[in-house]
Amino acid sequence: MRLQDLLRGVDVIEIKGDENAEVTGIFTDSRKATAGSAFIALKGVQVDGHQYINNALDLGAKIVVHQEKIDTSKDGIIYVKVTDSADTAGKMATHWYGDPSAKLKLVGVTGTNGKTTTATLLYEMFRKLGYKAGLLSTVANYIDGKAYHATHTTPDPISLNEMLAKMVDAGCDYAFMEVSSHAIHQKRISGLKFEGGIFTNITQDHLDYHGTMAEYLKAKKAFFDNLPETAFALTNTDDKNGEVMLQNTKANKHTYSVRALADFKAKIIEKHFDGTAIEINGKELQVQFVGVFNVYNLLAVYGTTMLLGQDSDQALLILSTLKPVAGRFETIRSSENVTAIVDYAHTPDALTNVLEAIHEVLDGNGRVITVVGCGGNRDKTKRPIMAREAVRLSDQVILTSDNPRWEEPQAIINDMADGLNAQQLKKALLIVEREQAIKTACTLAREGDVILIAGKGHEDYQDVKGVKHHFDDREVVRNIFGE
Ligand SMILES: CC(=O)N[C@H]1[C@@H](OP(=O)(O)OP(=O)(O)OC[C@H]2O[C@@H](n3ccc(=O)[nH]c3=O)[C@H](O)[C@@H]2O)O[C@H](CO)[C@@H](O)[C@@H]1O[C@H](C)C(=O)N[C@@H](C)C(=O)N[C@H](CCC(=O)O)C(=O)O
Ligand SMILES: Nc1ncnc2c1ncn2[C@@H]1O[C@H](COP(=O)(O)OP(=O)(O)OP(=O)(O)O)[C@@H](O)[C@H]1O
Ligand SMILES: N[C@H](CCC[C@H](N)C(=O)O)C(=O)O
Ligand SMILES: [Mg+2]
C-alpha cells in the first residue's frame with residue numbers, strides 16, 4: 001500500500017521523503033519490524049518507542065512515523081512527523097486492513113463493569129437471530145463461533161483491525177467489542193467506525209493508571225465524544241454519570257433504566273438462584289441470570305438489539321435462552337447442598353453487587369462465605385474497600401491471593417486487612433495460598449451455605465512474577481466437591 005493512502009485522515013506535520021513509497025507492513029513494536037515496513041514510534045507507559053527507531057531500521061524498516069523531534073535522519077529513510085503517533089497508529093491500522101469496521105456494524109461497550117457480559121450476550125443474540133457476528137472480549141475473541149485467544153480487553157490497533165478484517169472475510173455482519181478505558185486513553189480505537197456505543201456504569205477502578213476518578217471518567221467519555229452523528233449512544237441513566245457520558249456526543253442518544261422512565265425499561269418481578277423473572281418495556285420474561293446488575297446488562301443487550309432494527313418479540317424470546325458468561329456468577333453445587341459461586345468481581349462495586357444478589361436470593365436461609373483477593377500492581381486503594389465490603393456482606397471472609405504479579409502476596413493481603421477494624425477482623429482469615437483458602441471455605445460451609453469465590457472468574461492462571469501458573473477456581477471447587 002502507498003504511504004499517502006496509509007496516512008489518510010492523519011494529522012501530518014511534515015513528510016521527509018517520497019509519500020508515494022510502497023509500504024510493506026506497519027509496526028508499533030520495533031522487534032517485529034520487517035523489510036520495507038513503517039515503524040510507528042509510540043510514547044508508551046513504560047518506555048518511549050522513539051528510542052527504538054534504529055532497532056526498527058536495523059530490521060529493514062523504511063518509514064519512521066514519529067511525534068517527537070528526531071536528531072539524526074538517515075539516507076533513504078522516509079520520516080513522517082505527526083501530532084499524535086497513537087492516533088496515527090489507529091488510523092494507519094484501519095487503512096492497512098481495508099477499513100474493516102466500516103464494513104461491519106460495530107458496537108462498542110464501555111464502563112467499569114458489565115462490558116464482557118453485555119458484549120458477549122450481544123454476540124450470542126445476533127448469532128441466534130441468524131447473523132454472522134464477531135466478538136472482542138476479555139475472555140476470548142470470536143469470529144462466527146471460532147475462538148481466538150485474547151490478551152487484552154481491547155487489543156492494540158493493529159491486532160484489533162486484523163481481527164475485524166478476519167470478521168469481514170468470514171462474512172460477519174456485526175461485531176461487538178469491549179472498549180476499555182486504557183484503550184480509549186491510548187487511542188487503540190482511533191479510526192474505527194462505530195455503529196453504536198453503550199455505557200454500562202462507572203465506579204472505582206484503575207486509579208493506578210488514571211490517577212483520579214475524574215481522569216477515568218474523562219477517558220470513558222472521550223469514546224462517546226468521538227462517536228459520529230450516524231451512530232447511536234445508549235446509556236444507563238441509573239448510573240450517576242450516565243447522562244454526563246453523552247453530554248457532548250453527536251450520536252443519537254438513548255437510555256435504559258430499572259428505576260426511572262427510559263427508552264428501555266425493566267422491572268424485576270421475582271428473584272431465585274437459577275434466574276429472575278423480569279419485565280422489559282411491559283413484556284414479562286424469565287431470564288437465566290441472577291442479580292439486579294445482570295438485569296442492567298440484559299436491558300443494554302435488548303436496547304441495542306432494538307437500535308439495530310431487530311424484532312422485539314424475537315429478541316425477548318432469545319434473551320430468555322441466553323446463559324451466563326464463563327466465570328460470571330457461575331454456580332457449582334455440592335451433594336451436601338453447598339453452592340459455590342465463581343465470579344469475576346474484582347472492583348468494590350462488583351463485589352458489593354454480587355454479594356447483594358446472593359443475599360436477595362438466600363433471603364436469610366444460609367450463610368455466606370467469601371474468598372477474595374486483589375490483583376498486584378493494580379489500584380491499591382480498592383484493597384481496603386473490597387475487604388470491608390466482603391466483611392459487611394458475609395458471615396466469614398477469607399482474604400487470599402489474586403494475581404500478585406510483581407508484589408508480595410502477603411503485602412497485598414495486609415493492605416486489604418488494613419481496611420478492617422478489630423471487630424471486622426474477627427470475621428476474616430488470611431490465607432495466602434488461594435487453593436488452601438478455597439478448601440478452608442468448603443470445610444467451613446454447611447448445608448444451604450453459599451461460598452463466593454471472587455476476582456478471577458474465567459481466568460485459568462495465577463500470575464506470579466511474570467509467570468502464569470495454571471489455576472482455575474472452578475476446577476479447584478469441582479475437585480473438592482468430588483465431581
Ligand atoms: C499500561 C498499559 O496499558 N500498557 C499497554 C501499552 O504498553 P506500554 O505503553 O507500557 O508500552 P511500552 O512498553 O512503554 O512501549 C512503548 C512502545 O515502545 C515499543 N517498543 C518497546 C520495546 C522495544 O524494544 N521496542 C519497541 O518498539 C512498544 O511496542 C510500544 O509501542 O501498550 C501495549 C501495546 O498496546 C499494551 O500491550 C500494554 O498493555 C499492558 C500489557 C497491560 O497490562 N495493559 C492493561 C492494564 C490493559 O490494557 N488493560 C485493559 C483492560 C482493563 C479493564 O477494563 O479492566 C485492556 O484493554 O486490556
Ligand atoms: N452491569 C454491572 N454492574 C455492576 N457489576 C457488574 C455488572 N455486570 C457484571 N458485574 C460484576 O462485574 C464482574 C465483571 O463483569 P464483566 O466481566 O461483564 O465486566 P467487564 O466490564 O468486562 O470487566 P473487565 O473490565 O475486567 O473486563 C462480574 O463478575 C460481576 O461481579
Ligand atoms: N482487567 C482487569 C482484570 C483484573 C482481574 C483480577 N483477577 C486481577 O488480576 O487483578 C485488570 O487487569 O486490572
Ligand atoms: Mg471485560
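These exercises work through a predicted model, one site at a time. Residues are numbered from 1 along each chain as its sequence is written, chains are lettered from A and ligands numbered from 1 in the order in which they are written. Local features need pLDDT of at least 70, side-chain atom pairs count only at pLDDT 80 or more, totals for chains, interfaces and linings use all residues, and side-chain values use heavy atoms, with hydrogens and water left out.

**Exercise 1. The magnesium site**

Task: find which protein atoms are donors of the magnesium ion (ligand 4), and say where T138 and E178 lie.

Solution.
- Step 1. Donors are N, O and S atoms within 2.8 Å of the metal (3.2 Å for Na, K and Ca); water is not among the atoms, so sites may look incomplete.
- Step 2. The protein donors are T116 (OG1), T138 (OG1) and E178 (OE), at 2.1 to 2.2 Å from the ion.
- Step 3. Write their spacing in sequence: T-x21-T-x39-E.
- Step 4. Place the pair T138 and E178. T138 sits in the loop between β7 (133-136) and β8 (141-143), and E178 in strand β10 (residues 174-178). They are 40 residues apart, so this pair links distant parts of the chain. Helices (H or I, at least four residues) and strands (E, at least two) are DSSP runs, numbered from the N terminus.
- Step 5. Check burial. Buried means under 20% relative accessible area, exposed over 50%, and partly exposed in between (1.4 Å probe, protein chains only). T138 has 17%, so it is buried. E178 has 1%, so it is buried too.

**Exercise 2. T120 and its surroundings**

Task: which backbone oxygen does the side chain of T120 reach?

Solution.
- Step 1. Locate T120: helix α4 (residues 115-128).
- Step 2. Read its accessibility. At 8%, T120 is buried.
- Step 3. Look for a polar contact. That is a pair of N or O atoms within 3.5 Å; within protein, one must be able to donate a hydrogen and the other to accept it, and residues adjacent in sequence count only if both atoms are side-chain atoms.
- Step 4. The T120 side chain reaches the backbone oxygen of T116 at 2.5 Å. T116 is also a donor of the magnesium ion.
- Step 5. List the contacts, meaning heavy atoms within 4.5 Å. Beyond four places in sequence, T120 touches L135, S137 and V325.

**Exercise 3. Two loop residues**

Task: is A345 buried or exposed, and which residues does S401 touch?

Solution.
- Step 1. A345 is in the loop between β18 (339-343) and α12 (348-362). Its relative accessibility is 3%, so it counts as buried.
- Step 2. Not counting residues up to four places away in sequence, A345 touches A350, L351, V354, M386, A454 and G455.
- Step 3. Compare sequence with space. A345 and G457 are 112 residues apart along the chain, yet their C-alpha atoms are separated by 7.6 Å.
- Step 4. S401 is in the loop between β20 (396-399) and α14 (409-417). It has a relative accessible area of 7%, so it is buried.
- Step 5. The side chain of S401 reaches the backbone oxygen of V432 at 2.7 Å. With residues up to four places away left out, S401 touches P409, I413, I431, V432, R434 and Q462.

**Exercise 4. L444 at a helix**

Task: how far apart are L444 and I369, in sequence and in space?

Solution.
- Step 1. L444 belongs to helix α16 (residues 434-444).
- Step 2. At 34% relative accessible area, L444 is partly exposed.
- Step 3. L444 and I369 are 75 residues apart in sequence and 8.3 Å apart in space, C-alpha to C-alpha.
- Step 4. I369 is also among the contacts of L444 beyond four places in sequence, along with R367, Q396, I398, L429 and D449.

**Exercise 5. Positive phi**

Task: what is phi of D144, and what is phi of H206?

Solution.
- Step 1. D144 has a phi near 45 degrees, a positive value in a residue other than glycine.
- Step 2. D144 lies in the loop between β8 and β9 (146-148). Its relative accessible area is 27%, so it is partly exposed.
- Step 3. H206 is not a glycine either, and its phi is about 55 degrees. H206 lies in the loop between β11 (196-199) and α7 (207-210).
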